[in-house]
Amino acid sequence: MEFIYSMPTKVYFGKDVILKNKEVFSSIGRKALIVTGRNSAKRNGSYNDVVKALSDSRIDYILFDEVEENPSLETIEKGSIIGKDNNVDFVIGIGGGSPMDASKAIAVFIKNPEVKKDNIFSQKQLKSIPVIAIATTSGTGSEVTQYSIVTSNKEKTKKNLGQSVFPVAAFLDSKYTFDLPYEITVNTAIDAFTHLVEGYLNTNSNYMSEIYGEKGFELFKYCFKKLINKELDSNFRNKVMLASTLAGIQIAQTGTSLPHGMGYPLTYFKGLPHGLANGVLTIEYLKSFKDKSKINRMLNLLGMNLEELEDIFNKLINVNIEITEEEIINYSKSFVSNKSKLKNHTEKVELEDIIQIYKKSLLK
Ligand code: NAP
Ligand code: FE
């Protein structure tokens with residue numbers, strides 16, 4: 001038994017945690033750049049709570065509310081210029097994974113003025129100004145991970161920024177998710193579930209990371225039932241938010257693997273939301289394992305067999321995209337040329353295995 005375990009983010013979970021802990025903001029900085037998407041943060045109460053906490057603590061702030069889904073480096077550079085021009089000393093990311101990931105990247109760009117969208121991927125490890133993350137989907141787990149997934153239009157793909165930016169604090173209050181539409185609730189919950197799966201069945205998985213994965217599967221046993229029955233009550237919202245954060249803590253240790261890496265082109269070229277892009281590949285990925293012993297441990301915690309899990313995915317996910325065999329071959333070649341996700345998979349896979357997972361998932 002040998003492992004390194006680090007989770008430096010301080011997590012505040014529960015009802016009204018922002019206003020109950022507003023001193024956290026003044027302990028981190030004097031002027032904040034608030035980073036959000038275009039609408040949801042202002043509608044779900046999270047932005048108002050942050051502004052109240054900052055005003056009560058006499059902290060100045062400026063808002064950048066232009067983050068799109070799957071944030072581009074162009075948007076990140078724009079936000080960072082606003083932050084630099086206004087001399088902010090910390091960043092508050094509010095939203096789903098897109099604004100939270102953008103806030104991490106912006107915090108790196110602000111700290112390192114020589115870094116631009118065209119040279120970020122050739123940098124060694126960089127420091128950032130502090131980030132506070134407030135999750136409003138359940139979710140990506142980005143509030144407790146070091147990853148920032150960005151869209152590079154130059155490379156025509158989504159990829160990790162390559163820097164390690166753990167938020168210093170994460171606020172998790174499920175009330176912000178109460179009005180999340182059913183479809184986004186499903187897509188983001190599937191993302192959280194795929195984090196649990198890919199983190200658990202991962203080369204880097206260890207005793208500590210598995211604790212989070214296994215608790216997450218127990219929570220999903222309940223969450224799947226509620227999702228299928230469309231019973232999105234506060235109990236469900238709390239549990240799925242917790243499961244998503246546990247999944248984030250797990251992938252911060254392990255990384256993700258095949259479905260995440262293979263899903264990126266489905267988002268970039270076909271516009272599939274992130275959770276669906278992974279989710280549509282998950283069942284065939286699970287079936288592709290030669291050794292199913294750990295999958296059986298996972299299924300045991302979920303209280304179901306693989307056919308029952310497949311049935312749940314079929315009920316929750318409905319993906320209808322036009323895709324050709326040629327596109328599948330191109331995505332597969334590009335995927336196997338990047339060893340970072342392949343090395344996280346516990347079994348040896350060849351190009352043909354990847355092609356088959358895509359084909360069986362998408363050409364039904
Ligand atoms: P998202 O792209 O952040 O948001 C999707 C949609 O949901 C947006 O239209 C957003 O509206 C809306 N929304 C967010 N919160 C809402 C709420 N409480 N009520 C109503 N609508 C709400 O979605 P996401 O799935 O959370 O994040 C996906 C991104 O995270 C991808 O880029 C993915 O690659 C990345 N990701 C990162 C990690 C990590 O560890 N860093 C892990 C997995 C995925 P607004 O635009 O108006 O806010
Ligand atoms: Fe994800």
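**View 1. The irregular arrangement of donors around the iron ion (ligand 2).** The 4 donor atoms around the iron ion (ligand 2) subtend angles that run from 84 to 171 degrees, and the arrangement is therefore irregular. This close-up, like the others in this set, shows a predicted model. The iron ion (ligand 2) is coordinated by the OD atom of D191 and by the NE2 atoms of H195, H260 and H274, at 2.1 to 2.2 Å. Read along the chain, the donors of this iron ion follow the spacing D-x3-H-x64-H-x13-H. Distant parts of the chain are linked here, since D191 belongs to helix α7 (residues 182-200) and H274 to helix α11 (residues 274-287), with their positions 83 residues apart. Both D191 and H274 are buried.

**View 2. The surroundings of T256, in the loop between α9 and α10.** The loop that holds T256 runs between α9 (234-254) and α10 (258-270). Is T256 buried or exposed? With a relative accessibility of 7%, and with under 20% as the limit for the term, T256 counts as buried. The side chain of T256 makes a polar contact of 2.9 Å with the side chain of K341. When residues up to four places away in sequence are not counted, T256 touches H195, E198, N202, I251, K341 and N344; H195, one of these, is also among the residues that coordinate the iron ion (ligand 2).

**View 3. The largest nonpolar core, with F224 among its members.** This core has 63 residues, and those that touch the most other members are F193, F220, F224, L266, M298, L302 and L309. Helix α7 contributes the largest share of the core, namely 8 residues. Leaving aside neighbours within four places in sequence, F224 is in contact with F193, L302, M304, L309, I312, F313 and L316. A second core, separate from this one, consists of 23 residues and includes V91, A107, F109 and I110.

**View 4. The residues that surround ligand 1.** Ligand 1 is surrounded by 29 residues, of which S40, G97, S98, T137 and K158 are the closest. Which atoms of ligand 1 lie 3.1 Å, 3.2 Å and 2.8 Å from side-chain N or O atoms of N44, N70 and D101? For N44, a nitrogen atom of ligand 1 lies 3.1 Å from an N or O atom of the side chain. For N70, an oxygen atom of ligand 1 is found 3.2 Å from an N or O atom of the side chain, while for D101 a nitrogen atom of the ligand lies 2.8 Å from such a side-chain atom.

Definitions and conventions
Residues numbered from 1 in each chain as written. Chains lettered and ligands numbered in written order. Predicted model: local features only at pLDDT ≥ 70, side-chain atom pairs only at ≥ 80, totals over all residues. Heavy atoms only, no water. Donors = N, O, S within 2.8 Å, 3.2 Å for Na, K, Ca; no water. Tetrahedral: all angles 85-135°; square planar, octahedral: opposite > 155°, others 65-115°. Helix = DSSP H or I, 4+ residues; strand = E, 2+ residues; numbered from the N terminus. Buried < 20%, exposed > 50% of the residue type's maximum accessible area, 1.4 Å probe, protein only. Core = buried A, V, L, I, M, F, W, Y, C linked by side-chain atoms within 4.5 Å. Contact = heavy atoms within 4.5 Å. Polar contact = N/O pair within 3.5 Å; in protein donor to acceptor, adjacent residues only side chain to side chain. Near = heavy atom within 4 Å.
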